Amino acid sequence: MKLNERGLLVVLSGPSGVGKGTVRKALFNMPEQNFVYSVSMTTRAKRPGEIDGVDYYFVSREEFEKRIREGKFLEYAEFVGNYYGTPLDKVEEQLQDGKEVILEIEVEGALQVRNKVKDAVLIFLVPPKKEALYTRLRSRGTESEEVIKERIQKANREFKLAYKYDYIVVNDEVVNAADRIMAIIRAEHAKTERSIHKYMKLIDED
Ligand code: 5GP
């Protein structure tokens with residue numbers, strides 16, 4: 001009998017500027033990983049270097065709102081004036097296929113996932129020091145001072161909801177943060193409630 005394990009739905013959140021994207025990329029470079037990244041849809045303008053269909057699916061507000069009405073999102077939220085959402089198609093299929101599906105999303109959307117997918121694993125990434133956020137946001141050089149301020153205020157509100165997550169991971173060094181996340185994923189797979197029925201089936205076959 002093949003022990004085909006269902007993949008995990010891993011939600012990675014954290015304040016703007018904490019380095020979620022960099023940590024996610026490091027995860028994809030780990031050996032023996034089985035991750036797929038769920039590309040989100042957004043109405044925000046493309047930043048230089050971003051690619052449609054790779055970083056995001058960039059759509060108009062009308063298109064996004066149409067998809068909301070059609071129930072095509074696993075979750076969605078408005079973040080500093082723009083919509084962001086996880087397209088529903090593919091996620092379930094990839095989980096069934098044994099892939100670990102990574103969602104890199106903000107807090108409001110993460111809490112919607114918590115309510116809809118009970119066994120999702122919610123990880124909140126924090127900086128070693130708060131100043132690290134500001135430095136990173138400014139060094140990106142892609143947002144106006146006003147947007148940066150809004151993002152910082154939003155970061156403070158997001159921090160207050162970190163207690164709703166399953167795990168808090170410090171992003172002191174990208175590789176360390178990725179290692180910690182891998183350890184969480186391995187431990188989650190070993191949880192009795194996730195794996196007991198599989199082994200019970202083996203016993204039944206005797
Ligand atoms: P950014 O504009 O910096 O790419 O993203 C802004 C925020 O939106 C980040 O916290 C990012 O993780 C979050 N985000 C990206 N995609 C999604 C999504 O599909 N759903 C939700 N709820 N948030 C998202």
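This is a short conversation about the ligand and the pockets of a predicted model.

Reader: What should I know before I start?

Author: Residues are numbered from 1 along each chain as its sequence is written, and side-chain values use heavy atoms, with hydrogens and water left out. As this is a predicted model, local features need pLDDT of at least 70 and side-chain atom pairs count only at pLDDT 80 or more, while totals for chains, interfaces and linings use all residues.

Reader: Which residues come nearest to the ligand?

Author: A residue is near a molecule if one of its heavy atoms lies within 4 Å of it. Here 16 residues surround the ligand, and Ser-40, Arg-44, Tyr-56, Tyr-84 and Glu-106 come nearest. By class, this shell has 5 nonpolar, 4 polar and 7 charged residues. In that count, Ala, Val, Leu, Ile, Met, Phe, Trp, Tyr, Cys and Pro are nonpolar, Asp, Glu, Lys and Arg are charged, and the others, Gly among them, are polar.

Reader: How do I read a polar contact with the ligand?

Author: Look for a pair of N or O atoms within 3.5 Å. The side chain of Ser-40 has an N or O atom 2.6 Å from an oxygen atom of the ligand. For Arg-44, a polar side-chain atom also lies 2.6 Å from a ligand oxygen. With Thr-86 a polar backbone atom takes part, 3.4 Å from an oxygen atom of the ligand.

Reader: How much of the ligand does the protein bury?

Author: Accessible area comes from the Shrake-Rupley method with a 1.4 Å probe. The ligand taken alone exposes 510 Å², and the protein buries 95% of that.

Reader: Where does the ligand sit?

Author: On a 1 Å grid over the protein atoms alone, a pocket is an open set of points with protein on both sides within 12 Å along at least five of seven lines, and lining residues have an atom within 4 Å of a point. A molecule sits in a pocket if more than half of its atoms lie within 2 Å of its grid points. The ligand sits in the largest pocket, whose volume is about 800 Å³.

Reader: What lines the largest pocket?

Author: There are 35 lining residues, with Arg-44, Arg-47, Tyr-56, Glu-104 and Arg-140 nearest the centre. The lining divides into 9 nonpolar, 12 polar and 14 charged residues.

Reader: What is the volume of the second largest pocket?

Author: The second largest pocket has a volume of about 260 Å³. Its lining has 14 residues, including Val-39 and Tyr-57.

Key. A polar contact is a pair of N or O atoms within 3.5 Å; within protein, one must be able to donate a hydrogen and the other to accept it, and residues adjacent in sequence count only if both atoms are side-chain atoms. On a 1 Å grid over the protein atoms alone, a cavity is a set of points where a 1.4 Å probe fits but cannot get out, and a pocket is an open set with protein on both sides within 12 Å along at least five of seven lines; lining residues have an atom within 4 Å of a point. Grid points are joined across faces, edges and corners, and a volume is the space filled by probe spheres set on the points.
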